[in-house]
Amino acid sequence: MQQILLGIDRLSTLVGQTFSWCILLLTGVIVYDVCARRFFAAPTTWGYDVSYMLYGTLFMMAGAYALSRNGHVRGDFLYRNFSPALQAKFDLTLYILFFFPAIFAFMISGWTFFAVSMAQNERSMFSPSGPIIWPFKGLIPIVGFLLLLQGLVEVVRCIQAIRTGEWPQRLSDVEELDKQILAAAEAKGAEALAAEMARGGEAAMLGAVQAAAQAPAAPRQPHS
């Protein structure tokens, strides 16, 4: 089960990180459009449409990624003081009452929105060039599906936390543990760490990781 949860985390991460490159495209479009308008008196006929579609794509496609990293904004001045089990009960209630109904409505209305736009070969009315916009609207049901998948993962995590009293690992936690293991291997030596893990199992590995994390950093050698 944990591998399935982490696999969906990886899917959300891949999609989010891939579409994060839209920020560079968006920056380039805006810079080009501003320079063309200010310095050459030749504003583009497509800059506005491309910029809002790039921004919308970036914003939507990062939603599941942010959810997988527990990165969405929450008013946690009380929540952070709850026990993990109580946090999970609170989250599970909100997912059932608000998240899933909203996501289903988002997917259904988004698909209808996209289908009508594609049938009409809809074009933008905001610029003379009028680029087609139905592919952009086609992202809406895709985003809804990705959020639905990640939401199901979060519900499973809530149930596990209620049963065990501890939050299960997320992909970000696993990645951080991998970095700590590499740091421990560098500090203790790979062969020594492997032998210690073979003798003591997971507890020995965690102990070595904690020791490496608490050890003071080696001083940097001055450049000659």
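## Surface and model basics

The chain exposes about 14,400 Å², and carbon and sulfur atoms supply 67% of that. Areas here come from the Shrake-Rupley method with a 1.4 Å probe, and for residues only the protein chains shown count as cover. Keep in mind that this is a predicted model: local features need pLDDT of at least 70, side-chain atom pairs count only at pLDDT 80 or more, and totals for chains, interfaces and linings use all residues. Residues are numbered from 1 along each chain as its sequence is written, and side-chain values use heavy atoms, with hydrogens and water left out.

Of the 224 residues in the chain, 34% are buried. Buried means under 20% relative accessible area, exposed means over 50%, and partly exposed is in between (1.4 Å probe, protein chains only).

## Overall build

What does the secondary structure look like? There are nine helices and zero strands, so to speak an α-α-α-α-α-α-α-α-α pattern when read along the sequence. Helices (H or I, at least four residues) and strands (E, at least two) are DSSP runs, numbered from the N terminus.

Now for how the chain meets itself, where contact means heavy atoms within 4.5 Å. Among contacts between residues at least 6 apart in sequence, 70% join residues at least 24 apart.

## Salt bridges around Glu-154

The whole structure has five salt bridges, each being a side-chain nitrogen of Lys or Arg within 4 Å of a carboxyl oxygen of Asp or Glu. As a general point, side chains of opposite charge can pair when their charged atoms come close.

Which residues are linked in a network of salt bridges? They are Asp-9, Glu-154, Arg-157 and Arg-170. Glu-154 pairs with Arg-157 at 3.1 Å, N to O. These two sit three residues apart in helix H7 (residues 139-164), so about one helical turn separates them. Glu-154 also pairs with Arg-170, at 2.7 Å from N to O. That second bridge links distant parts of the chain, with Glu-154 in helix H7 and Arg-170 in the loop between H7 and helix H8 (171-188), 16 residues apart. Glu-154 counts as buried because its relative accessibility is 3%. Arg-170 is buried too, at 12%, and so is Arg-157.

## The Lys-137 and Glu-122 pair

Another salt bridge joins Lys-137 to Glu-122, with the closest N and O atoms 2.7 Å apart. Lys-137 lies in helix H6 (residues 134-137) and Glu-122 in the loop between helix H5 (84-119) and H6, so this pair ties together parts that are 15 residues apart in sequence.

Are these two partners buried or partly exposed? Lys-137 counts as buried, at 10% relative accessibility, while Glu-122 comes out as partly exposed at 24%.

## The largest pocket

How much space lies in the largest pocket? About 500 Å³. The pocket search runs on a 1 Å grid over the protein atoms alone: a cavity is a set of points where a 1.4 Å probe fits but cannot get out, whereas a pocket is an open set with protein on both sides within 12 Å along at least five of seven lines, and lining residues have an atom within 4 Å of a point. Grid points are joined across faces, edges and corners, and the volume is the space filled by probe spheres set on the points.

The lining has 21 residues, and Leu-67, Asn-70, Arg-74, Asp-91 and Tyr-95 lie nearest the pocket's centre. Helix H4 (63-68), H5 and H7 are the elements that give two or more residues to this lining, and H5 has the largest share with eight. By type, the lining divides into 13 nonpolar, four polar and four charged residues. Here Ala, Val, Leu, Ile, Met, Phe, Trp, Tyr, Cys and Pro count as nonpolar, Asp, Glu, Lys and Arg as charged, and the others, Gly among them, as polar.

## Where H2 meets H3

Leu-26, in helix H2 (residues 22-40), is buried at 8% relative accessibility. Setting aside neighbours within four places in sequence, Leu-26 is in contact with Ser-51, Leu-54 and Tyr-55. The C-alpha atoms of Leu-26 and Leu-54 are separated by 6.0 Å, though the two residues are 28 apart along the chain.

Ser-51 sits in helix H3 (residues 47-61) and is buried as well, at 16%. With the same neighbours within four places left aside, Ser-51 is in contact with Leu-26, Val-29 and Ile-30.
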